[in-house]
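Q: I would like to learn how to read a few features of a structure model. Could we take them one at a time?

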Amino acid sequence: MNDGLLDPFHPQYRELHAELLARPFPVVSGQVMVAHRAILFAPAETAAHRVAVAALAANPTVVAAPEENGFQILRVGAAELRIERHTEFTSFTVFAPQTGAAFVESAIDHLPAGWLEAIPGQIIAAVEIASEAVPIEEAGTAKTMERVSECFAQQRLVGGWIVERIASVWSHFRLDDRQATRFLVQSHGLTPGRYGRLLQRLVEIESYRLAALLSLPLARDLLPRIEALEAQHVALVERIGATDAGDERALLSDLTNLSLATERLQALSESRFSRTASYARILSARVRELREEQIPGYQTIKEFFDRRLAQAMHACERAAAGLSALSARLQATTGLLRTRVEVNLQSQNQLLLASVDRRSAAQLRLQHNVEGLSVVVLTYYLANLL
């Protein structure tokens, strides 16, 4: 290709083109179970994650595909392990054939004992998915829903038809004995490609939901502190209005301390809130992709999230917006106080210049008087000489 000539393509052309095909969706058929774990890691633990994956890939019984763009597939016996590396967490998703009733076993049991538990970090999302084939005419019937309720311990169900009624998805969003969120997927004629995309969306929905909520404890801690800082700002503004000109030194000191406290909180939380906003956008997109249709008497996943998750996201948005607004108001107050100081300085400078002018005029008159006296003295001296 163009021997002896420069490559006409951009240096990153192939990399950018491959991004469209990166992290392909799984293709599954039949009854399948899925176990998903998203592990939050510190920057120092990144290398340990790679070492753990490399050790599993080196096992003679494991067939490992090469890693591409932070994504790798490992075939462990009858199971498929999909590993995706993200900015602050690594997700491990196991797909395995389901041979028994729903949730009796887990796909994670196909991994070597203790391997996943030995990976450093904290689990931020855990998902268990079971499946069953249900004819479309039986979907949503009393008999079918009774069987679904048994899988979720008779708890209130959330779910409904999705993607043009070719499947139903159910959950109660409570933790099971594995501390995981359960989903039951009922296939009414899913193709292998759609089946795999649906399972992938479900694990991503739960991962991004919990990743977005990482900011909630921080927001709850910041909101009362922001209110206290706002009260201090209001009191400071009132002091500025009541303080005579020339007494701004204490005001500037208090205003500087208040600005520093606000900037410290903003530096502490800005990155976290920014990531939450990003995760929330991805979560909203994944839920829309389900294209849910309500089964009478049951709440859809979107409705459930709109009611329960919106309040948490609103708290994070309030905290982030409150800090930004407070910082902007403090900057405006600092500008006003600085303007007041400058006006006072200009007034003092004008008074000083007027005083200098008066002293200059007095000095000039004195000089004229001295010069006149000098003339008289010289005249008298010359007269005496003559």
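Q: How many cavities of 30 Å³ or more does a search of the whole structure find?
A: The general idea is that rolling a probe the size of a water molecule over the atoms shows where empty space is left. In this model, which is predicted, the search finds 1 cavity of 30 Å³ or more. The space in the largest cavity comes to about 30 Å³.

Q: Which residues line the largest cavity?
A: Its lining consists of Met33, Val34, Gln98, Phe103, Glu105, Ala107, Glu128, Ile129 and Ala130. Two elements, strand 1 (32-40) and strand 6 (122-133), each give two or more residues to this lining. Strand 6 supplies the largest share, 3 residues.

Q: What is the make-up of that lining by class?
A: The lining of the largest cavity has 6 nonpolar residues, 1 polar residue and 2 charged residues.

Q: Turning to the backbone, what sign of phi do most residues other than glycine have?
A: For most residues other than glycine, phi is negative. Here Arg165 has a phi near 60°, a positive value in a residue other than glycine. Arg291 also has a positive phi, near 50°.

Q: Where does Arg165 lie, and is Arg165 buried, exposed or partly exposed?
A: Arg165 sits in the loop that runs between strand 7 (158-162) and strand 8 (167-171). Arg165 counts as partly exposed because its relative accessibility is 36%, and the partly exposed class covers values between 20% and 50%.

Q: Where is Arg291 found, and what is its relative accessible area?
A: The loop between helix 6 (249-289) and helix 7 (301-385) holds Arg291. Its relative accessible area is 44%, so Arg291 is partly exposed.

Q: For a contrasting class, is Ser168 buried or exposed?
A: Buried means under 20% relative accessible area. Ser168 has 1% relative accessibility and therefore counts as buried. Ser168 belongs to strand 8.

Q: With which side chain does the side chain of Ser168 make a polar contact?
A: The partner is the side chain of His188, at 2.7 Å.

Q: Which residues does Ser168 touch, not counting residues up to four places away in sequence?
A: Ser168 touches Ala139, Gly160, Trp161, Leu184, Val185, Gln186 and His188. His188 is thus listed among the residues that Ser168 touches, and the side chains of Ser168 and His188 also form the polar contact at 2.7 Å.

Key
Residues numbered from 1 in each chain as written. Predicted model: local features only at pLDDT ≥ 70, side-chain atom pairs only at ≥ 80, totals over all residues. Heavy atoms only, no water. Helix = DSSP H or I, 4+ residues; strand = E, 2+ residues; numbered from the N terminus. Buried < 20%, exposed > 50% of the residue type's maximum accessible area, 1.4 Å probe, protein only. Polar contact = N/O pair within 3.5 Å; in protein donor to acceptor, adjacent residues only side chain to side chain. Contact = heavy atoms within 4.5 Å. 1 Å grid on protein atoms, 1.4 Å probe; cavity = no way out; pocket = protein on both sides within 12 Å on 5 of 7 lines; lining within 4 Å. Points joined across faces, edges and corners; volume = space filled by probe spheres on them. Nonpolar A, V, L, I, M, F, W, Y, C, P; charged D, E, K, R; others polar.
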